[in-house]
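Please read these points with the model open beside you. They run from single backbone features to a sheet, a ligand site and the enclosed spaces.

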Amino acid sequence: PTPLRRLFDYLPPESLPKEQYQNLKTGIRILVPLGNREVVAILISTSEKSGLAKNKLKAALAILDDAPILPTAIIKLLRWSADYYHHPLGESWLSVLPTLLRKGEALSGRQHSYLRLSTWGKGLADDSLSRAKKQQLLIRVLRQHQALALREILEDGHSRAVIKALKDKKLIEEFQLEAPPQVDTPTQAAEKPLSLNEEQKQATDKIIASIKHFSVLLLEGVTGSGKTEVYLQAIAAVLEQGKQALVLVPEIGLTPQTVKRFKNRFHCPIVALHSGLNDRERLDSWLQSSRDQAGIIIGTRSAIFVPMAKPGIIIIDEEHDISFKQQKGFRYSARDLAVMRGQYENIPVVLGSATPSIETLHNAQYRRYQHLKLTQRAGNAQPPDFRLIDIRHQELTEGLSPELIEAIKETIEAQQQVLIFLNRRGFAPTLICHDCGWIAQCHHCELKMTVHRSPAHLHCHHCDHQQALPQRCPQCKSQPLAELGQGTERCELILQQLFPDTPLFRIDRDTTQRKNAMQNMVDAINRGGSALLVGTQMLAKGHHFPDVTLVAIIDSDAGLFGADFRAPERMGQLLIQVAGRAGRAEKPGKVYIQTHFPEHPLITTLISRGYHPFAQDLLAERKQLGLPPCGFMALVRSEHQQPQASEIFLREVRAAAENLNLPIRMLGPLPSPLAKKAGRFRFQLLFVSTQRQQLQQLLKQLIPQLESLRSARKVRWSVDIDPQDMY
Ligand code: ADP
Ligand code: ZN
Ligand code: ZN
């Protein structure tokens, strides 16, 4: 597990007989000396010779496994991804293994204590121990069984003292055994599948028809259209064939409800892999999956590397969600790797979303993916009504317009609930005029410019054009200009003042940290009655609030018109997802969107024609500008306490890259939109190419050179392939 992009040669352990050398297979763990430490390493390959002289080679200390700890498909996947993401192979391997395996723990499940009769105990006459009735009773119980778990024996009321007495007499003995797989018996009878509507049926049939081979299917279904029901019925077909299903969900979508929904439907063991597990639980789940002791594996991003004994299908729910992209260390995209894994395992991959990413839609359009559509809400639920509120020139109260305050009041008085969405995700800030809606845009490429504070200026992160911060609006001469997205910090406070008698629930990372906090809040909300729900991105998915009839989006502009080229896509997705939380059959929902741009074609397309045409417009724009998915990006980031150090390193990177003479566009070094974090100054250098191959070729030659740069040793640097977040 070293950050070095190279492999290390070792001799076999001295204790290992020669005839066993052939058992040294790719993917077993070995213990090796590294510097003055002993580390767990992975055997990548064996060879008859080495570049090092024999007396320079150290011997491995021990062989930890009899067989590879990962199946061939996962080994291939790791090799491919370390290569593609230009991450050191050692770190890649070790970062996908459960912690205990990384530490050298044996590849076995949790050990439990069992009791059984000893040979003496078995030979004991039935009426002996008549003066110790309790001991006699336990002997009789054990006589009826091969062995019993210590825990069960204690639960049945036998005391530890009795057990100890019998152990001391050598009549019973304790031993350790790996627990049998725990089979979840559903609390209620397994729920029946729903009868599918026509679109659901077609989608399910297409997925089932693909079970025997690799293919990628995009399931695009509006919120509430019953995608989950399609997954469930496709999974049922996979289970019937004796295979396993892997379901990946976004970080914050993995709620107890998601797992419960699966458990209610299927009798088979289901394991969940998420960050809340301790090391032992994680290894147990991992083992159950790799040994075919779990039918369904539900997990977040990292579960894409979990081995399956009998892989049958991979489902990525909410495939557009950015939590599928790892943002530090090994920066892989679990969604993209799912497609690779599907190929290696020869199984179908289903990407589901109400708001597919532009990348995925692009692939569907080029017929790389089958495109399945659910256009109707399941059951009788109605789609919500959208309304744009023009907030130019309006007197706002902490971001709220009079019209919105009035609508909130009416909803509360009708004993219904309001969901108020605040956009706190730090989109790269740009400038806006509250009076006329003018926005800071680059003259050269029509993209939004990013505000930088030190030194203060506007910077185009697409073409590198820079200009001074205007003091007043260039269009209407009013002043001052605000940063988009400002002014909603105190929104919650003002809501409490305006509606003191209405319960207010704030749903964000802070209020939902504690175990069960989210669930308790959801339960309280769903007991009904008027309520205000204030929240951020967390509100956008996973939960359904049937009593919410008004959704308010306070600052849509910050997202739709932020400087990051993905900002409109993200905001469109969020808006549709948040809107999808509102209303059900009896109570249709309304969605109010505050904006400075009521006539902007993107926003009008989104609300009058829906996400798909909106996404088409975005795709056309990306094509024109050569941005992903019609261009390929790699971002080199660098940070250091001194801004110069960061920048100098990236300048040297750029010079080295230019020397390679490949047709790659380079942008930077620029200060990152988030220019300073935790006392470190952050810079970035962007590579863009229309050819993925060329970009890969550049990095392949460039990165080894960077490792030997002296300026590289000073800074903290990283390479991000297909960056999702331009920070
Ligand atoms: P999505 O995942 O597409 O947002 P869900 O799968 O959560 O939608 O389904 C939304 C609601 O519709 C759920 O309450 C579900 O039980 C219901 N539903 C799904 N399919 C059907 C169907 N065929 N008939 C009736 N109700 C359905
Ligand atoms: Zn203006
Ligand atoms: Zn520009």
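1. Start at the loop between α4 (119–123) and α5 (133–143), where Leu-129 lies. This is a predicted model, so treat the angle that follows as a computed value. Leu-129 has a positive phi of about 60°, although it is not a glycine. Please look at the backbone of Leu-129 in that loop.

2. Next, the cis peptide bonds. One runs from Pro-628 to Pro-629, with omega near 5°. Pro-629 sits in the loop between α20 (611–625) and β25. Another cis bond joins Gly-668 to Pro-669, again with omega near 5°. Pro-669 is placed in a strand, β26. Both β25 (632–640) and β26 (665–677) come up again under the largest cavity, since each gives two or more residues to its lining.

3. Now a sheet. What is the strand order in the open sheet of 3 strands? The order is β2-β1-β3, and the pairing is antiparallel. The edge strands are β2 (37–42) and β3 (62–63), each pairing on one side only.

4. Take the pairings one by one. Strand β1 (residues 29–34) is joined to β2 by 6 bridges, and the two run antiparallel. Arg-29 stands opposite Ile-42 of β2. On the β3 side, β1 pairs over 2 bridges, also in the antiparallel sense. There, Leu-31 faces Ala-62 of β3.

5. The turn of the hairpin deserves a look. The hairpin of β1 and β2 has 2 residues between the strands. Gly-35 takes a positive phi near 60° in this hairpin.

6. On to ligand 1. Which residues come nearest to ligand 1? There are 15 residues around it, and the nearest are Ser-195, Gln-200, Gly-224, Gly-226 and Lys-227. Helix α9 (residues 227–240) gives the most to this shell, with 3 residues. The shell divides into 4 nonpolar, 8 polar and 3 charged residues.

7. The polar contacts of ligand 1 can be checked atom by atom. A nitrogen atom of ligand 1 is 2.8 Å from an N or O atom in the side chain of Gln-200. An oxygen atom of ligand 1 lies 2.8 Å from a backbone N or O atom of Gly-224. A polar backbone atom of Gly-226 is 3.0 Å from an oxygen atom of ligand 1. Taken alone, ligand 1 exposes 560 Å², and the protein buries 66% of that.

8. Then the enclosed spaces. How many cavities of 30 Å³ or more does a search of the whole structure find? It finds 4. The largest has a volume of about 270 Å³. Its lining counts 22 residues, and those closest to its centre are His-461, His-462, Ala-563, Phe-565 and Met-726.

9. Which elements give two or more residues to the lining of the largest cavity? They are β25 (632–640), β26 (665–677) and β27 (680–689). The lining residues divide into 15 nonpolar, 4 polar and 3 charged.

10. Last, the second largest cavity, with a volume of about 130 Å³. It is lined by 15 residues. His-320, Asp-321, Ser-333, Arg-335 and Gln-724 lie nearest its centre. Helices α12 (334–345) and α18 (567–579) are the elements that give two or more residues to the lining. Here the lining divides into 2 nonpolar, 4 polar and 9 charged residues. Set that beside the largest cavity, with its 15 nonpolar and 3 charged lining residues.

Conventions: Residues numbered from 1 in each chain as written. Chains lettered and ligands numbered in written order. Predicted model: local features only at pLDDT ≥ 70, side-chain atom pairs only at ≥ 80, totals over all residues. Heavy atoms only, no water. 1 Å grid on protein atoms, 1.4 Å probe; cavity = no way out; pocket = protein on both sides within 12 Å on 5 of 7 lines; lining within 4 Å. Points joined across faces, edges and corners; volume = space filled by probe spheres on them. Helix = DSSP H or I, 4+ residues; strand = E, 2+ residues; numbered from the N terminus. Nonpolar A, V, L, I, M, F, W, Y, C, P; charged D, E, K, R; others polar. Near = heavy atom within 4 Å. Polar contact = N/O pair within 3.5 Å; in protein donor to acceptor, adjacent residues only side chain to side chain. Areas by Shrake-Rupley, 256 points an atom, 1.4 Å probe, with all protein chains shown as cover. Pairing = 2+ DSSP bridges.
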